[in-house]
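Please find below my notes on this model, set out as numbered points for discussion at the bench. They are best read with the sequence and the structure side by side.

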Amino acid sequence: MLQTQVGRAGAAFSLGYGNFLTGNCYIGGEVNLDITGSRRTEVKNDIDADDYGTTKLKTRGFVPTLALRLGGYVPSFDCIFYARVGVTFLNNHFKNTVFPNQDFGSQKITPIIGIGFEKTIANNCSIRIE
């Protein structure tokens, strides 16, 4: 049985800078912090008649990301299309009730990739979809 807390509000803070190299070629960098609050997931480990206890997973609610954006300006849409590559830091904790002294944490730097576009809507203010 899987039990998860849902319905939490979250926020993302981003700080970045970008510039055009030559013509319509764009390069930029950014630092993001996703804040969603810590989440706990509980899984009941039943296999046939044997009971393997409950495994609990706690995911930390602060997820920092560092990324580089490479792309180009498309005049017909008046926006920048780009590819995004970088790394994010994930922080989880696992615990099993059958083996109480065998819980462990997992802090891992994970690569990310993505695509998106960004459009300026006012001076120094833009909207983007990734």
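1. Val87 counts as partly exposed, because its relative accessibility of 37% falls between the limits of 20% and 50% that separate buried from exposed residues. This valine is found in strand β7, which covers residues 79-96. The model is a predicted one, and the values in these notes should be read with that in mind.

2. Val87 also belongs to a nonpolar patch on the surface, which it forms with Val31, Leu66, Phe89 and Ile109. Taken together, these residues have about 440 Å² of accessible area. For the protein chain as a whole, the exposed area is about 9300 Å², and carbon and sulfur atoms supply 61% of it.

3. As to the overall fold, the protein chain has nine strands and zero helices, so that a reader who follows the elements from the N terminus on meets β-β-β-β-β-β-β-β-β. Of the 130 residues of the protein chain, 18% count as buried. Among contacts in the protein chain with a separation of 6 or more, 52% are accounted for by residues 24 or more positions apart.

4. Which residues does Glu30 touch, not counting those up to four places away in sequence? The list consists of Leu15, Gly16, Thr65, Leu66, Ala67, Arg69, Arg84, Arg128 and Glu130. Glu30 itself is found in strand β3, residues 25-35, and it counts as buried because its relative accessibility is 5%, where the limit is under 20%.

5. Glu30 forms a salt bridge with Arg84, in which the closest N and O atoms are 2.7 Å apart. This pair links distant parts of the chain, since Glu30 lies in strand β3 and Arg84 in strand β7, 54 residues apart. Both Glu30 and Arg84 are buried. In addition, the side chains of Glu30 and Arg69 are joined by a polar contact of 3.4 Å.

6. Arg69 has a further partner in Glu118, and the side chains of these two residues meet in a salt bridge with an N to O distance of 2.8 Å. Glu118 lies in strand β8 (residues 104-122) and Arg69 in strand β6 (residues 62-74), so this pair ties together parts that are 49 residues apart in sequence. Glu118 and Arg69 are both buried.

7. A salt bridge also joins Arg128 and Glu130, with the closest N and O atoms 4.0 Å apart. Arg128 counts as partly exposed at 28% relative accessibility, and Glu130 is likewise partly exposed, with a relative accessible area of 48%. Salt bridges that share partners join Glu30, Arg69, Arg84, Glu118, Arg128 and Glu130 into one network. A search of the whole structure finds seven salt bridges.

8. How many disulfides does a search of the whole structure find? The search finds zero. A disulfide is a covalent bond between the sulfur atoms of two cysteines. Turning to individual cysteines, Cys25 is partly exposed, with a relative accessible area of 42%, whereas Cys79 is buried, with a relative accessible area of 5%.

Definitions and conventions. Residues numbered from 1 in each chain as written. Predicted model: local features only at pLDDT ≥ 70, side-chain atom pairs only at ≥ 80, totals over all residues. Heavy atoms only, no water. Disulfide = S-S within 2.5 Å. Buried < 20%, exposed > 50% of the residue type's maximum accessible area, 1.4 Å probe, protein only. Patch = residues over 30% accessible without salt bridge, like charges linked within 9 Å, V, L, I, M, F, W, Y side chains within 5 Å. Areas by Shrake-Rupley, 256 points an atom, 1.4 Å probe, with all protein chains shown as cover. Helix = DSSP H or I, 4+ residues; strand = E, 2+ residues; numbered from the N terminus. Polar contact = N/O pair within 3.5 Å; in protein donor to acceptor, adjacent residues only side chain to side chain. Contact = heavy atoms within 4.5 Å.
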